[in-house]
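Trainee: Could we sit down with this model and go through the terms people use for it? I'd like to see what stands behind each one.

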Amino acid sequence: MATPQPSTAPSVPDRSPDPEQPGPGQPAGSKAYRSQAGRYDRRTDAFRRWRELVVAQLPARPGDAVLDVGCGTGLCLPLLQRKVGPSGTIVGIDASAQMLDVAGARVTEHGWDNVRLLLAPVAQAPIPCIADAALFCAVHDVQQSPAALAHVFDHLRPGAAVAATGGKWPPAWNVALWAWVADLHAPFIHDFTGFDQPWRLLAGFVPDLQVTELGAGAGYLAVGHARGPLDTTQQ
């Protein structure tokens with residue numbers, strides 16, 4: 001299990017300088033995240049099943065430390081709490097102050113003293129531990145940033161559990177679904193680079209990554225383990 005650092009601030013996000021300035025691993029759609037933070041939970045409720053599924057597939061255990069990468073309003077926090085329990089640690093990272101304000105309120109409401117929220121672009125976040133698992137839930141821009149991914153995996157133990165989910169382009173013949181996917185995701189991502197296989201860069205850090213399509217090909221679930229000392233796959 002991880003060796004977490006002692007100091008945590010469960011309800012007040014730790015802030016890095018200029019968190020609203022775009023940087024590596026920060027969603028270029030951060031303006032949308034700021035303006036819709038209060039409505040984000042309702043807007044994304046249709047994808048609750050995907051969130052539940054990705055956390056269910058993350059083999060974290062009681063006492064583990066988990067990185068919730070791009071945690072947003074903290075929708076995955078209750079699910080992760082059930083995994084790691086009060087003896088575990090959850091580090092939520094997000095570049096939007098407005099989103100983390102909602103997450104912080106959720107942490108305070110539940111009295112979780114094992115959650116630390118970091119307000120920073122993922123590539124610059126002062127991650128305070130070497131974690132046992134990482135969750136990437138609906139964070140396309142982060143997954144397209146080699147710097148952000150490298151920073152996260154620098155803070156995972158070898159063989160750490162990894163799970164990711166999000167949107168992707170559906171099959172080419174399904175024109176109607178393409179339009180729906182584009183409309184849904186455009187406000188929240190920089191562009192659609194890599195949207196055919198959003199996990200492509202992640203696979204360089206997770207040699208055993210297994211990908212399953214969801215929602216008629218409009219989404220995916222990817223699970224595996226961080227590279228260990230015996231893995232020879234190069235990034």
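Mentor: Gladly; this is a predicted model, and we'll take its terms one by one.

Trainee: How do you know that 57% of the 235 residues count as buried?

Mentor: Buried means under 20% relative accessible area, and 57% of the chain's 235 residues count as such. The chain still exposes about 10,500 Å², with carbon and sulfur atoms supplying 54% of that area.

Trainee: What makes the largest nonpolar core a core?

Mentor: A core is a set of buried nonpolar residues joined through side-chain atoms within 4.5 Å. Here 33 residues form the largest such set, so they earn the name by that definition. Leu67, Phe136, Val152, Phe153, Leu156 and Leu202 have the most contacts inside it. At least two residues each come from β2, β3, β5, α7, β6 and β8.

Trainee: Why is the other core called separate?

Mentor: Membership requires a link through side-chain atoms within 4.5 Å, so sets without such a link count as separate cores. The second one has 30 residues, including Val115, Ala133, Leu135 and Leu214.

Trainee: Which residues does Leu156 touch beyond four places away in sequence?

Mentor: Contact means heavy atoms within 4.5 Å. Leu156 has such partners in Leu67, Ile130, Ala131, Ala133, Ala134, Val162 and Ala226.

Trainee: And what covers the buried residues of α3?

Mentor: In α3, residues 48-57, the buried ones are Trp50, Arg51, Leu53, Val54 and Val55. Their cover includes α4, β5, β6, β7 and β8.

How values were computed:
Residues numbered from 1 in each chain as written. Predicted model: local features only at pLDDT ≥ 70, side-chain atom pairs only at ≥ 80, totals over all residues. Heavy atoms only, no water. Buried < 20%, exposed > 50% of the residue type's maximum accessible area, 1.4 Å probe, protein only. Areas by Shrake-Rupley, 256 points an atom, 1.4 Å probe, with all protein chains shown as cover. Helix = DSSP H or I, 4+ residues; strand = E, 2+ residues; numbered from the N terminus.
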